[in-house]
Amino acid sequence: MDGFTFVQISDSHIGFNKEANPDPNATLQAALDRITKLQKQPAMVLHTGDVTHLSKPAEFDTAAEILKTVKQDIHYVPGEHDVIGDDGKQFFERFAPKQKTGGWYSFDQGGVHLSGWSTC
């Protein structure tokens, strides 16, 4: 039996531009490139928050553009940086349109029941 696998990524912080990570776009792309090169491709990707740094429309646009290269389904849970100023409205519209802001959701994947919880 091959088993069920997934990849978890987090803290993309698209829009950040300080010394710790001066090019988060390239950092996220490098992580996605590593997923593509895995010998066994995961069933899905789970992004566990802080897709953006300051919840700005341009940051969400950039993140969506980079993440559209992922071939697997991506499931998102917002981080505090994804809900600044609008309680997550932009985040949920772009990355989880079927979900309600500020809540949780669950889904089935590969015979496993998973749930995503936001503490924001």
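In this predicted model, Gly79 sits in the loop that runs between strand E3 and helix H3. Gly79 counts as buried because its relative accessible area is 7%, which falls under the 20% cut-off. Although Gly79 and Thr48 are 31 residues apart along the chain, their C-alpha atoms are separated by 7.0 Å.

From this loop the reader can turn to the interior, where the largest nonpolar core is made up of 19 residues, and where Ile9, Leu32, Leu67 and Phe95 have the most contacts inside that core. Two or more residues of this core come from each of strand E1 (6-9), helix H1 (24-36), helix H2 (57-67), strand E3 (73-76) and helix H3 (89-95). Of these elements, H2 gives the most, with four residues.

Phe95 offers a way to follow these contacts, since, leaving aside residues up to four places away in sequence, Phe95 touches Val51, Phe60, Ala63, Ala64, Leu67 and Tyr76. There is also a second core, separate from the one just described, which has five residues, among them Met44, Val77, Tyr105 and Phe107.

Phe95 and Tyr105 appear again in the lining of the largest pocket, together with Ile74, His75, Tyr76, Ala96, Pro97, Lys98 and Gln99. This pocket has a volume of about 160 Å³, and the largest share of its lining, three residues, is supplied by E3. Sorted by class, the residues that line the largest pocket are six nonpolar, two polar and one charged.

Conventions. Residues are numbered from 1 along each chain as its sequence is written. This is a predicted model: local features need pLDDT of at least 70, side-chain atom pairs count only at pLDDT 80 or more; totals for chains, interfaces and linings use all residues. Side-chain values use heavy atoms; hydrogens and water are left out. A nonpolar core is a set of buried Ala, Val, Leu, Ile, Met, Phe, Trp, Tyr and Cys residues joined through side-chain atoms within 4.5 Å. Buried means under 20% relative accessible area, exposed over 50%, partly exposed in between (1.4 Å probe, protein chains only). Contact means heavy atoms within 4.5 Å. On a 1 Å grid over the protein atoms alone, a cavity is a set of points where a 1.4 Å probe fits but cannot get out, and a pocket is an open set with protein on both sides within 12 Å along at least five of seven lines; lining residues have an atom within 4 Å of a point. Grid points are joined across faces, edges and corners, and a volume is the space filled by probe spheres set on the points. Ala, Val, Leu, Ile, Met, Phe, Trp, Tyr, Cys and Pro count as nonpolar, Asp, Glu, Lys and Arg as charged, and the others, Gly among them, as polar.
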